[in-house]
Amino acid sequence: AAESKIVFDTNALAERAAVEAKAAAERAAHTNDEADIARAKFLEQRANAQSAIAAKVLAAEVDALKAKAATEVRFAEQRSAAQAMITKEKRKIYDPDSATVSGSIGSADQQMIG
């Protein structure tokens, strides 16, 4: 969640910088004043830099989400393998054909019961 907020905030800064740059460019076009033109160029560069930063932050977020998903997949695969081993071991212990639990009753006890 914190990562998403960082992406959101970074994108908001990039959008704001782009709006400011556009407004400064429009002003410079109307006034044709050198100071306005210089400010418009500066704000355009800032907007481009902010956009590049936002793209990098978003790419980092995507990479983090991919890594998290890969970890979750590995965990699920390990859990499934462990469950399969447990099931296999249970089948070894319990023999449904004879309805006895092997290994839990010693041979002497079986002779006394039988």
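# A walk through a helical chain

Start by showing the whole surface: the accessible area of the chain comes to about 9,200 Å², and 59% of that belongs to carbon and sulfur atoms. Keep in mind as you click around that you're looking at a predicted model.

Now switch to the cartoon view. You'll find 3 helices and 2 strands, and if you follow the chain along its sequence, the pattern reads α-α-β-β-α. Next, try colouring by burial. How many of the residues count as buried? Of the 114 residues in the chain, 12% do. If you draw contacts too, look at those with a separation of 6 or more: 55% of them join residues 24 or more positions apart.

**Stop one: the core**

Select A17, A21, A24, A28, A40, L43 and A47. These 7 residues make up the largest nonpolar core. Helix α1 (2–31) and helix α2 (34–93) each supply at least two of its residues. Which helix gives the largest share? That's α1, with 4 residues.

Stay with the core and zoom in on A28. Ignore its neighbours within four places in sequence, and you'll see A28 in contact with D33, D36, I37 and A40. A40 is another member of the core, while D36 is worth a visit of its own.

**Stop two: D36**

Click on D36, which sits in helix α2. Is D36 buried or exposed? Its relative accessible area is 12%, so D36 is buried: the cut-off for that is under 20%. Show side chains here and look for R27: the side chains of D36 and R27 make a polar contact at 3.3 Å. Setting aside neighbours within four places in sequence, D36 is in contact with A24, R27, A28 and T31. Two names on that list should ring a bell, since A24 and A28 belong to the core you selected earlier.

**Stop three: T10**

Finally, jump over to T10, in helix α1. T10 counts as buried because its relative accessibility is 10%. Where does its side chain point a polar atom? Add the backbone of I6 to your view: the backbone oxygen of I6 lies 2.7 Å from a polar atom of the T10 side chain.

To finish, select Q50, I53, A54 and V57. Not counting residues up to four places away in sequence, T10 touches these four. Their numbers fall within the 34–93 range of α2, so leave both helices on screen while you look.

Notes. Residues numbered from 1 in each chain as written. Predicted model: local features only at pLDDT ≥ 70, side-chain atom pairs only at ≥ 80, totals over all residues. Heavy atoms only, no water. Core = buried A, V, L, I, M, F, W, Y, C linked by side-chain atoms within 4.5 Å. Buried < 20%, exposed > 50% of the residue type's maximum accessible area, 1.4 Å probe, protein only. Contact = heavy atoms within 4.5 Å. Areas by Shrake-Rupley, 256 points an atom, 1.4 Å probe, with all protein chains shown as cover. Polar contact = N/O pair within 3.5 Å; in protein donor to acceptor, adjacent residues only side chain to side chain.
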